[in-house]
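Me: I'm new to reading protein models. Could we go through one together, a question at a time?

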Amino acid sequence: MVELTTVFVTGFPGFLGSALVERLLDRYGSETELACLVQSEYRDEAEERAREIVDDADRDWDDRIALYEGDVTEGDLGLDPDDYADLELDTVELYHLAAVYDVGMSEAVGRRVNVDGTRHVLHFAEGCPDLRRFQYVSTCYVSGRYDGLFTEGMLEEAGPFHNAYESTKHEAERLVRDAMDDGLPATIYRPAVVVGDSGTGETQKYDGPYYVLRLLLRQGDYALTPAMLGSGGVEINVVPRDFVVDAIDALSAMDRSEGVTYQLCDPAPVTASKLLRLFADAADTTP
């Protein structure tokens with residue numbers, strides 16, 4: 001008899017979480033349950049996304065993906081006590097992607113989801129007797145306004161933060177690093193600004209760099225865009241979703257990635273002026 005194990009995922013059916021679950025289904029066999037923590041309000045969306053991912057006439061989606069309604073902001077992850085105990089006992093790998101990524105969010109929201117949420121998921125992970133790895137998705141922008149090269153080994157050196165997103169993700173990563181110092185096997189991933197799929201263009205929401213694209217599209221053949229003096233040479237680091245998911249999928253399967261932080265970014269980022277020209281080409285307009 002094959003013993004069933006569990007891979008636990010937060011952040012489904014989010015933009016990165018959905019794509020990552022699809023990759024994990026390919027890696028793990030039928031003896032592994034992919035357990036996804038889903039907020040109640042996204043249950044229908046999660047079921048629909050699970051159907052799309054499995055897409056197998058001979059198999060129902062819930063034969064491969066198990067949805068557990070809950071919330072990382074709650075100390076027990078909002079789970080039924082029996083489910084919590086069973087998941088803790090069976091989980092061998094945990095991917096924590098749930099976070100608020102809106103740079104305009106309030107400090108209170110960021111602290112509740114990004115900081116307290118990570119603390120609660122870490123508490124769960126530390127109670128898993130057979131946990132092989134805690135896979136945590138952070139952000140390159142834990143660096144804040146740091147002036148200079150910010151390496152994977154740096155965190156406390158971060159400069160002042162632009163917003164609550166940066167500060168709360170910085171604090172959340174510190175919690176993960178503290179747990180690693182106490183013996184938790186973990187890997188940290190720091191994506192840059194994540195945009196749509198490089199092949200299909202698929203994205204979940206039009207924010208961040210997409211605001212510029214939407215501005216161009218609204219103005220027709222010729223468009224005016226605001227530009228700060230000297231900003232033309234400023235580099236903007238954007239990476240497509242498939243690059244980030246490919247990297248997490250590949251690195252998380254390597255034994256040597258334990259204890260390592262990876263910055264998932266473009267080693268040769270485009271400048272703001274170059275990015276604007278690329279957007280203008282895509283929008284078929286002249287900036």
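Me: Are tyrosine 84 and phenylalanine 124 buried or exposed?
Reply: Happy to help! This is a predicted model, where local features need pLDDT of at least 70, side-chain atom pairs count only at pLDDT 80 or more, and totals for chains, interfaces and linings use all residues. Residues are numbered from 1 along each chain as its sequence is written, and side-chain values use heavy atoms, leaving out hydrogens and water. Buried means under 20% relative accessible area, exposed over 50% and partly exposed in between, with a 1.4 Å probe and protein chains only; tyrosine 84 and phenylalanine 124 are both buried.

Me: How many aromatic pairs does a search of the whole structure find?
Reply: Rings of Phe, Tyr and Trp (its six-membered ring) pair if their centres lie within 6.5 Å; planes under 30 degrees apart are stacked, over 60 edge-to-face, the rest tilted. By that rule, the number of aromatic pairs in the whole structure is six.

Me: What kind of pair do tyrosine 84 and phenylalanine 124 make?
Reply: Their ring centres are 5.3 Å apart. The planes meet at 85 degrees, so the pair is edge-to-face.

Me: And what kind is the pair of phenylalanine 134 and tyrosine 136?
Reply: Phenylalanine 134 and tyrosine 136 are both buried. With 6.5 Å centre to centre and 20 degrees between the planes, their pair is stacked.

Me: Which residues do ring pairs link into a cluster?
Reply: Two members are the edge-to-face partners, tyrosine 84 and phenylalanine 124. Ring pairs link them into a cluster with one other residue, and the cluster is Phe8, Tyr84 and Phe124.
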